[in-house]
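Trainee: I would like to go through this model and learn why each label applies. Where do we start?

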Amino acid sequence: MRTGYGGTHLPGWCPGGDLTPLEQEMVAAAGTGDLLDRGEGPFSLTVMHPWDQEPTIRAAVLRYLLVAGQWPVDVRGVRLRGVRISGSLDLEAAVLSRPLSLECCYLDADEGVCFDYATASRVALRGCQLAVLKGRMFTARELDLSHSTFDGPLRMSAADITGSFICHGARLTGQNQSRNALVGDGMKVGGDVFLDGGFTAAGAVRLPGAAITGQLNCRGAELTGRDQDGDALVADGIKVGGDVVLDEGFTAVGAVWLPGADITGQLNCRGARLTGQNRYGKALDASGMKVGGDVFLEKGFTAAGAISLNSAHVAGSVSLKPTILAGARKVALTAAKVQIVGHLRWMPGQQVLGSVNLEGATVGHLDDDWSGDRANGYWPVGGLLNLDGLTYGRFGGDQQATVEQRLAWIRSQYKQPADSGSAIFGTQPYEQLAAVYRQAGQDDQARKVAIARRADPRKYGKLNPYRRFGNWFLDWTIKYGYQTWRAAVGLAAVFVVFLALSILAQRQGVMVPIGEIEGLHAVPSATQCTSEYPCFYPVAYTVDTVIPIINVHQADYWGPDGHAPWGWAWVGLTWVATAAGWALATLLVAGYTGLVRQN
């Protein structure tokens, strides 16, 4: 084979053509499995770009070596370091029976490398510089792109990597028309996916519908771009057999989009910084997500937009200990109908000013911190909290709230009554709180909550005047059946007062007979008994007047004289005493039977 081309441009090559000395070395090294090494690197683009023909291998020669089967290739494959690959390396639909390893190489073609529909054992492009990599429906045992730089998008839709997909420290500096830097829709990975170790992407990373048997590790990754919807990581419907790791400095200028994700392990966002939001105002959307382990949003976690856990199911616990959440007039957390088998730990680093929605959520334990000056446990106030339908088994945490603080926590759902934007008053948060206290054996606290549940509608509900008065009356008299003794005391007080008035009326001659006295020898008097007419007994008369149902027939024979001076007042007092007696006795019975405690 002839060698020794001059100039700076190598002509194209066809099978049977001449090879350069370097290409001959490559063919020879491939036959023995040795590394063709022209420099250890890593090299910068400014160093790679002026490389002339000396360290250059034509892409057509490399392709022929990989797929033609005319030159022997050792089982260790083709291994190159520090060379320039000239021209487009087009391996579309090719079958590579041996591994390909390019380290610190410069692939100068604008078309980059194409693995569309190709099949390979192992492909490694470590520390390389190239324009794009196309791998639609590419099948390989392992794909390693660690520390390589891509000027255009990385296209891996429907790829099937039976081992791991490794991008330690890779830099994706370009994006497609949709502003995506990595397109991995529907790809399958039998091992782990590593987008860590300084991985950066100038566009969105797309992994929707991907199936990853191992973990998705984005530890410390920097996603500095976002797509047209404002998302930096798009992984809706993804299935991950291990953990999803977005921690230790993970940064995204757009939203992390995980609706419907199925994560067997944990979702770890410790220290993640979500500095942007998508067009829906969300920084992290995990609606409908399933997590077999825990969810960690703590240790420096920040979110500039809303966190959505709507209808998510977490078999472990959710730790919400963010440093910063979305601010005033924004949604901080929406977790409607979320199911958390373990603990919900609410311990933000500062007062949350955005809204928090836990409507219909189910939580095993609710842990929050009420220590020191953490007003309202740093839950939002002024109508920005929704607890309607939230259920939990018990409270946890080292600094638990008092019953008064818990009632203030529930009341923070509402604005002032005059505000038209106030939430509709709901009884369920009170009933849930009372149930938890009763289950813990704290009956006094449960009773206070039950009373507040019935009294608070006057302040936070929208009662008409009739219902407002009835509510106030039950509160003032028997505390809605939880202090029935008040009715007994009131009834006793009415009895004593009316007894005293009856004695006074007897002595002043106001009490007169009202029964049949015609034909009697002498007209009966309240102060003097006769044998022909029942005597007047103030105690018995008071019983007849004040105590319902019981009838000793004093009121059948005696009553106030309405024509006497101030007689009309005595008649009125009798009616008032009878009405009060009936009302208090009815409340007493209703209280003891629990009737007024019904919802």
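Mentor: With the rings. Trp346, Trp379, Tyr392, Phe395, Trp409 and Tyr437 form one aromatic cluster. Before going on, note that this is a predicted model, where local features need pLDDT of at least 70, side-chain atom pairs count only at pLDDT 80 or more, and totals for chains, interfaces and linings use all residues. Residues are numbered from 1 along each chain as its sequence is written, and side-chain values use heavy atoms, with hydrogens and water left out.

Trainee: What makes two rings an aromatic pair?

Mentor: Rings of Phe, Tyr and Trp (its six-membered ring) pair if their centres lie within 6.5 Å; planes under 30 degrees apart are stacked, over 60 edge-to-face, and the rest tilted. The structure holds 20 aromatic pairs. One of them is Tyr414 with Phe425: 5.5 Å centre to centre, 25° between the planes, hence stacked.

Trainee: Where do Tyr414 and Phe425 lie in the chain?

Mentor: Both are in the loop between α4 (403–411) and α5 (428–439), 11 residues apart. Helices (H or I, at least four residues) and strands (E, at least two) are DSSP runs, numbered from the N terminus. Tyr414 and Phe425 are both buried.

Trainee: Why is the pair of Phe536 and Trp558 called edge-to-face?

Mentor: Their ring centres are 5.7 Å apart, so they pair, and their planes stand at 65°, so the edge-to-face label applies. Phe536 lies in the loop between β48 (511–513) and α10 (538–546), and Trp558 in strand β49 (residues 558–560). The pair therefore ties together parts 22 residues apart in sequence.

Trainee: How do you know whether Phe536 and Trp558 are buried or exposed?

Mentor: Buried means under 20% relative accessible area, exposed over 50%, partly exposed in between (1.4 Å probe, protein chains only). Phe536 has 4%, so it is buried. Trp558 has 1%, so Trp558 is buried too. Of the 599 residues of the protein chain, 51% count as buried.

Trainee: Why does Tyr117 count as partly exposed?

Mentor: Its relative accessibility is 40%, so it falls between the two cut-offs. Tyr117 is in the loop between β9 (113–114) and β10 (119–126). Its phi is near 60°, a positive value in a residue other than glycine.

Trainee: And what makes Glu248 exposed?

Mentor: Glu248 has 56% relative accessibility, so it passes the 50% mark. Glu248 is found in the loop between β29 (244–245) and β30 (251–252). Phi of Glu248 is near 50°, again positive in a residue other than glycine.

Trainee: Why is Trp476 called exposed?

Mentor: Its relative accessible area is 55%, so it is over the cut-off. Trp476 sits in helix α8 (residues 465–478).

Trainee: What makes a charge sit over a ring?

Mentor: NZ of Lys or CZ of Arg must be within 6 Å of the ring centre and within 35 degrees of the ring normal. The charged end of Arg270 sits over the ring of Phe296, 3.7 Å from its centre. The charged end of Arg406 sits over the ring of Trp409, 4.9 Å from its centre.

Trainee: How many helices and strands are in the protein chain, and why is the chain called more spread out than a compact globule?

Mentor: There are 11 helices and 49 strands. The radius of gyration (taken over C-alpha atoms) is 42 Å, and the globule rule (2.2 Å times the number of residues to the power 0.38) gives 25 Å for 599 residues. The value is well over the rule, so the chain is more spread out than a compact globule. Its C-alpha atoms fill a box of roughly 160 × 35 × 35 Å, taken along the principal axes.
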